[in-house]
Each structure stands twice: as structure tokens, then as C-alpha cells.
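Please take a look at the structure below. This report covers strand pairing first, then charged side chains.

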Amino acid sequence: MTVWRRVRATDTGLNGRAARLLTSEPTDDAGWPADLPAGATEVVIVEDTPSPTATLRVRTSGDDAPTSARVRFDQLAVPESGGAGC
């Protein structure tokens, strides 16, 4: 069973990690809706650490044309075991 934990502001080594969205309406640092497809629940993180604006760039996986967006780091969870920064 996979145990998920919320991404922390101090996490590193996140690039390429699978992540689960913790909200059905993810937002960026300004509170604007992230431009992700409706119903998206899992994404791939494409940055190593959260930005100074408290966001991470993510992309959908498994799509013919992946969608990319910025999402607040605290709206994401990563598997507890695996990768740096855990």
C-alpha cells in the first residue's frame, strides 16, 4: 500500500516524481485555478524544489498531449518512500 505525504517547502529532488493532487480544484500562488484537465488526480512534478512563490510546475501523465501548470506545493502529495528530500 502506498503511503502519501504532503509536499513540504523544503523538499528537494522532486523532478520526475509522481504526485497526487490533494484538492479537486488546484490553484497557483495567487489562488487562480491551475490549468489542468477536469478530474485530474495525479501529475508528475517537473521541478526539483518549490519556487519562491510556493508553487511547483507539474504535468499530467498518460495523455497524448500532457498539460502543464503551476500548483501550490501544499496541494500535492508524494509517495512516502522514494527519492531525495523525503
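## Strand S2 and its partners

Ala18 of S2 has a bridge partner in S3: Val44. This is a predicted model. S3 covers residues 42–45. S2 and S3 pair in the antiparallel sense, and 3 bridges hold the pairing.

S2 also pairs with S6, a strand of residues 76–79. The two run antiparallel, joined by 2 bridges. Here Arg20 of S2 is matched with Ala77 of S6. So S2 has bridges to S3 and to S6.

## Two faces of S2

Which residues of S2 are buried, and which are not? S2 spans residues 18–21, and its side chains alternate. Ala19 and Leu21 point to one face and are buried. Ala18 and Arg20 point to the other face and are not buried. In a regular strand, side chains alternate between the two faces of the sheet.

Both bridge partners named above can be placed on this pattern. Ala18, the partner of Val44, is on the face that is not buried. Arg20, the partner of Ala77, points to that face with Ala18.

## A salt-bridge network around Asp11

The whole structure holds 5 salt bridges. Side chains of opposite charge can pair when their charged atoms come close. Arg5, Arg8 and Asp11 are linked in a network of such bridges.

Asp11 takes part in two of the contacts described here. With Arg5, the closest N and O atoms are 2.9 Å apart. With Arg8, the closest N and O atoms are 3.5 Å apart. Both count as salt bridges because the cut-off is 4 Å.

How buried or exposed are the members of this network? Asp11 has a relative accessible area of 1%, so Asp11 is buried. Arg5 is buried too, at 8%. Arg8 is partly exposed, with a relative accessible area of 37%.

## The Arg72–Asp74 pair

Another salt bridge joins the side chains of Arg72 and Asp74. The N to O distance is 3.0 Å.

Are these two side chains buried or exposed? Buried means under 20% relative accessible area, and exposed means over 50%. Asp74 has 24% relative accessibility, so Asp74 counts as partly exposed. Arg72 is also partly exposed, with a relative accessible area of 24%.

Notes. Residues are numbered from 1 along each chain as its sequence is written. This is a predicted model: local features need pLDDT of at least 70, side-chain atom pairs count only at pLDDT 80 or more; totals for chains, interfaces and linings use all residues. Side-chain values use heavy atoms; hydrogens and water are left out. Buried means under 20% relative accessible area, exposed over 50%, partly exposed in between (1.4 Å probe, protein chains only). Helices (H or I, at least four residues) and strands (E, at least two) are DSSP runs, numbered from the N terminus. Two strands pair if DSSP finds at least two bridges between them.
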